[in-house]
Amino acid sequence: MSLNRLTPNLDPQALAKELSGKHFIAGEFCAAVSGRTFPVVNPANGRTIGAAALGAAADVDAAVAAAKLAQKVWADKNARDRGKAVAECGRLLMDHVEELARLITLETGKAIRTESRIEAGVLADVFTFFGGLGSELKGESVPFANDVLSVTVRQPIGVVGAIIPWNVPLLLMALKVAPAIVAGNAVVVKSAEEAPLTVLRVTQIMNQALPPGIMNILSGYGPDCGAPLVAHKHVGKVTFTGSVETGKIIARMAAEKLIPATLELGGKSPMIVMDDADVDRAVDGAIIGMRFTRQGQSCTAASRIFVHEKIHDSFVAKLGAKVTAMKIGDPMDEATDIGAIISRQQMDKVQSYIAIGKATAGATALTCCVMPSDPALKDGLFVQPVIFTGLENDAKLCQEEIFGPVTCIIKWRDYDRVIEQANDSDFGLAASIWTRNLQVALDATKRLEAGLVQVNQNLVVQPNISYGGVKQSGLGKEASLESMLEHFTHKKTIMMKMA
Ligand code: NAI
Ligand code: MG
């Protein structure tokens, strides 16, 4: 724990250079054991902004060893004091919101006003929330016999391995590490290859309030650095957010070691708009739900919008007009609503779906917004949002996660049939129903197969609201007290005979 507080660095280019080529292990920056790095690129202009340490098994060994050593002492601390340290992380991170917002914008191409600044604020809030929950690590007393005291206690698991993606790396990292640390674990994070720098800075900031070795971070590629972390014999729990494919690889590796895995995977979330819905509110809800300001790069994206035939045409016209009024451009510009896609690979994926949709008989593509004209952005990865109509629910675009600014509007007329279609998906992360009819709302919330069902809103994750999917969308819940208890502790039963 350092006495000199870090001061925010509001020059993201300089900060990216300063953070380049390093992991953070045992309270210190260090280079990869191999000495190798890989480039970090700003997707808004294609320029390299820095480099990240190229992690491999040897780096995992060092980080897990540091975590294991630190965790023993940490677990012995009073739970409330651990919480206080995590709440202090929240306070420190709050001082760095603008710095982190600028750096994450540079690194991921997300627009600073509509996305990055909000994410950086929520990051601090997650630490503040979990920091208050230390004394909620409670067990139970169990009636057994008059001369036997039978109780359960919540014990930390030990070393937690966390693997995170690039779309909302700050928030998703916080939802994993804050509860894990409060619960008495030490953590080793493997950052996403596309966004390794801002989370590294967060780790440095957090380490001002935590003993060395409790929060460690490695950068590197999934198979070379993520896989050895999951496989490491001293990692007792893995928590992951990302693709279904990688989630299954991780689940198989966890099964091999018989350790628990929390998996937050993809989605194809339905939004059902009834004919009595307030169309303007539903249109605004679709824009928020689709995360157009995040280029649609969200597992929760409302990417299947079922609109009743009576209001279908007016809904499409209003949505098209509102999305078109959004500005695609330089993510650092306060006027920009929509930034760049994270990588060439993701952009190719999104564009291939758009091409498939356009080639589908009966489908119409409404392409929104104007492309940025600034020559400085000519190599940027910008994609115009596309609203498809005329597709059936069983079309490829309505069944697979696109992870881009593409949504499908499906016209419907029969209520039972639309519920059936909404559930006809491999995924089950979130769903929403838009109506003024309370009876319909209640019925839909019961029948929709999803981890989160909202009525007349499409809000984003809050730290106290349990979040996680069913079916291929994952296993286990994140956020809330429940996630800390269920996913970062194990319950030990203690039975004491009095004589
Ligand atoms: P990914 O699931 O491959 O990557 C996520 C994280 O897993 C990264 O840190 C990566 O390095 C790591 N990883 C990859 N392979 C691994 C392995 N074998 N062992 C251990 N760790 C491994 O996702 P990617 O390639 O970034 O994106 C592909 C698609 O996944 C997207 O188009 C989107 O559909 C989905 N996705 C979903 C996210 C969500 O929020 N649920 C977030 C990011 C991607
Ligand atoms: Mg991948």
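**View 1. Ser 243 meets ligand 1 through its side chain.** In this predicted model, an N or O atom in the side chain of Ser 243 lies 2.7 Å from an oxygen atom of ligand 1. Taken alone, ligand 1 exposes 810 Å². The protein buries 89% of that area.

**View 2. Backbone atoms of Gly 222 and Gly 242 also face polar atoms of ligand 1.** For Gly 222, a backbone N or O atom is 3.3 Å from an oxygen atom of the ligand. For Gly 242, a polar backbone atom is 3.3 Å from a nitrogen atom of ligand 1.

**View 3. Ligand 1 occupies the largest pocket.** Two or more residues of its shell come from each of these elements: α8 (222–231), β9 (235–241), α9 (244–257) and α12 (344–358). The top contributor is α8, which gives four residues. In total, 27 residues surround the ligand. The closest are Trp 166, Lys 190, Glu 193, Lys 349 and Glu 401.

**View 4. Leu 391 lies in a loop.** This loop runs between β14 (386–389) and α13 (396–399). Is Leu 391 buried or exposed? Leu 391 is buried, because its relative accessibility is 4% and the cut-off for buried is under 20%. Leaving aside neighbours within four places in sequence, its contacts are Thr 360, Ala 363, Leu 397, Cys 398, Cys 408 and Ile 410.

**View 5. Leu 391 and Val 244 are shown together for distance.** Their C-alpha atoms are 24 Å apart in space. In sequence, 147 residues separate Leu 391 from Val 244.

Key. Residues numbered from 1 in each chain as written. Chains lettered and ligands numbered in written order. Predicted model: local features only at pLDDT ≥ 70, side-chain atom pairs only at ≥ 80, totals over all residues. Heavy atoms only, no water. Buried < 20%, exposed > 50% of the residue type's maximum accessible area, 1.4 Å probe, protein only. Contact = heavy atoms within 4.5 Å. Near = heavy atom within 4 Å. Polar contact = N/O pair within 3.5 Å; in protein donor to acceptor, adjacent residues only side chain to side chain. Areas by Shrake-Rupley, 256 points an atom, 1.4 Å probe, with all protein chains shown as cover. 1 Å grid on protein atoms, 1.4 Å probe; cavity = no way out; pocket = protein on both sides within 12 Å on 5 of 7 lines; lining within 4 Å. Sits in = over half its atoms within 2 Å of the grid points.
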